[in-house]
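Student: I have a protein model open and would love some help reading it. Could we go through it together?

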Amino acid sequence: MLTVGVRRFGSSGLVLPDIGSHPALCNLFATTYNKLYTIIMATQDGSEEVIMETEAKPKETEPLGEDAEKSEAETTSHTDAGNATTQDSSISNGDDADDKQERVDLKIIWNKNKYDLKIPVDSTGAKLKEKIHSLTGLPPAMQKVMYKGLLPEDKTLREIKITNGAKIMVVGSTINDVLAVNTPKEVIQQEVKAEENKKEPLCRQKQHRKVLDKGKPDDIMPAIKGAKERLPTVPLSGMYNKSGGKVRLTFKLEQDQLWIGTKERTEKVPMGSIKNVVSEPIEGQEDYHMMAFQLGPTEASQYWVYWVPAQFVDAIKDTVLGKWQYF
């Protein structure tokens, strides 16, 4: 058993074991003492150099408390901003549906004025009238819209085969213009209709029989009973007038005129001057009509046309008079 005493060294007050002459202990003691002495002396001199060299450099500490919350808020803010940017790029402005629709550029011509209009090709004739109203101030009910005949309201522009650059003719008067007319057309129509009701059928009257008895013209256009068609792009020909001569009707929509052509001459009649259009099926040949254009206030001013194909009767009336006449 090894007994070791203790001994006090120097003024430092360090107490160390008294190891005597043991070689192993002497070496261990010398090494340990030197290290302790160095540390003690450095401490007494006020230097922290030795201690810092013996310590590993600490890691950067994570922010705590309010600093941690602030850092987290900034991170969240940047994340939200990135998400907002991504989200905004996918939000529609509400006009994408209209912008993606196929459109056509039209030239609207009314009262010698021209308007440019761009409208979806799947819009109906009624929708086109609303657009024309916004351009011209002419109410839809007062409009006659022409494109190869009277434009139907229930069909789309695509179905009618309207293409880019098409010219759309608009005929009609404002309400003020209609009220300013001294003899409204509806009054004349009512008077004519009342007069007709008092008489026998037109086709039995002597003045008409002499033309009808000539029989149906050989070159008359084919007729379809009970059908309604738009006006053809060519003149209606092969018909008779009151004197039994051949007559043809040409509808000049761009000029708002009806051209009544005979062998001798062609009369260019403004459609606005035609007060009324009356017609009646021909007995025994109901697929054809006899028709009169009221060019003046009296019965004598009627221009009669015989053997008009039945399928064009309504289109002729609408083209010449227009639906706006009843307002």
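Tutor: Happily! Two strands pair if DSSP finds at least two bridges between them, and strands are DSSP E runs of at least two residues, while helices are H or I runs of at least four, all numbered from the N terminus. This is a predicted model, where local features need pLDDT of at least 70, side-chain atom pairs count only at pLDDT 80 or more, and totals for chains, interfaces and linings use all residues. Residues are numbered from 1 along each chain as its sequence is written, and side-chain values use heavy atoms, leaving out hydrogens and water.

Student: What is the order of the strands in the open sheet of four strands?

Tutor: Strands of a sheet pair through backbone hydrogen bonds, either parallel or antiparallel. In this open sheet the pairing is mixed. Its four strands come in the order 4-3-6-5.

Student: Which strands stand at the edges, and why is one side of each left without a neighbour in the sheet?

Tutor: Each edge strand has a single partner strand, so one of its sides has no neighbour in the sheet. The two are strand 4 (113-120) and strand 5 (144-146).

Student: Which residue stands opposite lysine 144?

Tutor: Strand 5 runs antiparallel to strand 6 (residues 166-171), and three bridges join them. Opposite lysine 144, in strand 6, is valine 171.

Student: Which helix packs on the sheet?

Tutor: Look for one touching strand 3 (103-110), strand 4, strand 5 and strand 6, where contact means heavy atoms within 4.5 Å. The helix covering residues 125-136 does this: helix 5.

Methods:
Axes fitted to C-alpha atoms, helices over the stretch in contact; angles between N-to-C directions.
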